[in-house]
Amino acid sequence: MTALTVALVLVAAAVGVLRWRRPAWYWLTFGVTLAVVRVLVRYGSVMDACGLTVPPARWRLALARATNRPIPGPRAPRILRLRPTRTGLVLRLKLRPGQDAFDVAAASDRLRHSFSMYGVTSRELRSGVVEVRMTGYDVLKRVQMPAKTDTRPMRVPVALRQDGSVHYRDYRAIPHALTLGATESGKSVYQRNLVAGLAPMDVALVGIDCKQGVELFPLARRFSALADDPDTAADVLDALVARMGRIYQVVRAQQRIAADVPDAEIAADIWDLPTDLRPTPVVVLVDEVAELALYANKEEEKRRDRVITALVRLAQLGRAAGIYLEICGQRFGSELGKGITMLRAQLTGRTAHRVNDETSANMAFGDIAPDAVLAAIQIPAEMRGLAIAGDSSGGWHRIRAPHTSLRQAVNICNRHADRTPDLPELAPFRPALSGSADAPVPAAKPSPATA
Ligand SMILES: Nc1ncnc2c1ncn2[C@@H]1O[C@H](COP(=O)(O)OP(=O)(O)OP(=O)(O)O)[C@@H](O)[C@H]1O
C-alpha cells in the first residue's frame, strides 16, 4: 500500500466516524458555512472576473494621489445583507453607479461556476438593489418544503422554486389559473397539493373531475360539491353563476350603506365586506378540462356551450364574488372551439408541466412569456412534477411540488372535513359519503355527486 492510499483510507475513516457521530443538520450547517466563507473570500475577485465591477470614483483616485496612497482598485456591488438559508444563501447587493440588474442577471451563470454553486438567480428588489439567491444543490430533485411558510388566507405554499424559495398559489393576487401538461407529467399531484393546502382554510372546494372522479372523489370529505361527468359539471357551474349573482347583490347592498357613512370604505368585493357578512370563497378545481369542451352530437354541443359560457362568466366576474378557477388539462387551445381562447385569456396564472410539443407549451406561455415556452419543452420526461410557473407579467420560475400521495391528501382532507362549508346553491351536488372519516381510500369510484 502506498502512502497516498493509507492517507486516503485514514481520511475516509475519519469522515465516516464524523458522519456517524453528527446529525444531518450538522452537515447542513457545515455545508452552508463553507459556502458563506467561500463567497465572502472570493467575492471581490469573482465580481471582477465576471465583469461586475466599476472603476473607482474620480474623487477616490484624486484623494489617493494627493495623499500618496495606493490607487484604489475596481469596486464591486456592496453587500447590504448576507443570509444563509437551508438551501444556500441570499445576498442583497447595492449596485454601483452605471450598473443595472440586467448585468447581474446576465452574469448569473458565470457567478454560479465561480462560486461553485448549483444555481444562481437574481431579481431587482428596488432601484439599485438586487437580490442574488444561490443554491448549493438541486433543490428540485427531492422537494422538501420548509417547515415554516408564510401562509395567509387564500395563499397556499404549493411548490418549491429552483432558487430554493417557496412558490405560493395566491388566489387573491392571481384569481384564476391554468395548469397544462402531457399525460403522467404531474398535474394531478400539483392539484392534490393545492387541495391539501386549501383544506385547512375557510374555503369551499368544488371539483369537476372528468377522469370519472378518480382524482378528486377520494378527497370528497373536504369538497362542498363534486361532479364527475359533463352534465353534472354544467349544472354545478350554473349553480355557481347563480351564487355569483347573489353575492354581487350582497356587495351592492353594503356599498349603499357605506356611501351614506362618511369615511367608510366602499365594498367592491367580498374581502371588503364585514366578516359576518362575507360569503365563503370558493375554489373550483377542474381536472381534464378538454373533456368539457368535446362533443359528438347536437345535444352535447349545447351542453358544451353552456359549460364554456359559465366558465367564461366565472372567469370574468368571479373574483369579486370570491370564486376562483383552477383549470387543469393536457391541452387548452383554439382547437377546443369557440370561447376557449377567451377563457384562457382570463386565466392569469400559468403552469406548464412537461409537454410533448411546442404548440402545447405555447398554449400556456405563447401569449405571455415566449422564453418560458422553451423552458417548458426542455423539461426531461424523468423529472415528473417539474413545471414552469408564470403569470401575465411575463416572469416565470421552474418549480416542483412535493410528492404528496393520494393517501396523504385523503388524510389531510379527512382531518379537515369539519371545515367543509354547506353552500345552499351547491347542496344537490354535495358528495354522498359513507363510513367514518378514517375510512380507507375507496378502491372503486364512490357514488356520484348527484346521488
Ligand atoms: N412532484 C412530483 N415529485 C415526484 N414525483 C411526481 C411528482 N408529480 C408527479 N410525480 C410522479 O408522476 C406520476 C404521474 O403524476 P400525475 O398522476 O400527477 O400525472 P398527470 O399529469 O396527472 O397524468 P394524467 O394526465 O395521465 O392523469 C405520479 O404517479 C408520481 O409518481
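The questions and answers below concern a predicted model and take up its ligand shell, a pair of strands and an annotated loop.

Reader: Which helix gives the largest share of the shell around the ligand?

Author: In this predicted model, 13 residues surround the ligand, and the closest are G186, S188, V189, R384 and G385. By class, that shell has 2 nonpolar, 7 polar and 4 charged residues. The largest share, 3 residues, comes from the helix spanning residues 187–198, which is α6.

Reader: Is T183 buried or exposed?
Author: The UniProt record, an unreviewed entry, places the feature "binding site" at several residues, including T183 and E184. T183 lies in the loop between β7 (177–180) and α6, and E184 is found in the loop between β7 and α6 as well. A residue counts as exposed if 12 or fewer other C-beta atoms lie within 10 Å of its own. Because T183 has 8 other C-beta atoms within 10 Å, T183 is exposed.

Reader: Which residue in β6 does A159 stand opposite?
Author: Strand β5 (residues 155–161) and β6 pair in the antiparallel sense over 5 bridges. Along β6 (residues 166–170) the side chains alternate, so that V166, Y168 and D170 point to one face and are not buried, while H167 and R169 point to the other and are buried. The residue of β6 that stands opposite A159 is H167.

Reader: Which residue takes a positive phi in the hairpin of β5 and β6?
Author: The two strands of this hairpin, β5 and β6, pair in the antiparallel sense. Between the strands there are 4 residues. In this hairpin a positive phi near 90° is taken by G164.

Terms used
Residues numbered from 1 in each chain as written. Predicted model: local features only at pLDDT ≥ 70, side-chain atom pairs only at ≥ 80, totals over all residues. Near = placed C-beta within 6 Å. Nonpolar A, V, L, I, M, F, W, Y, C, P; charged D, E, K, R; others polar. Buried ≥ 20, exposed ≤ 12 C-beta atoms within 10 Å, placed from the backbone. Pairing = 2+ DSSP bridges. UniProt positions renumbered as here; feature names shortened; annotations may be inferred.
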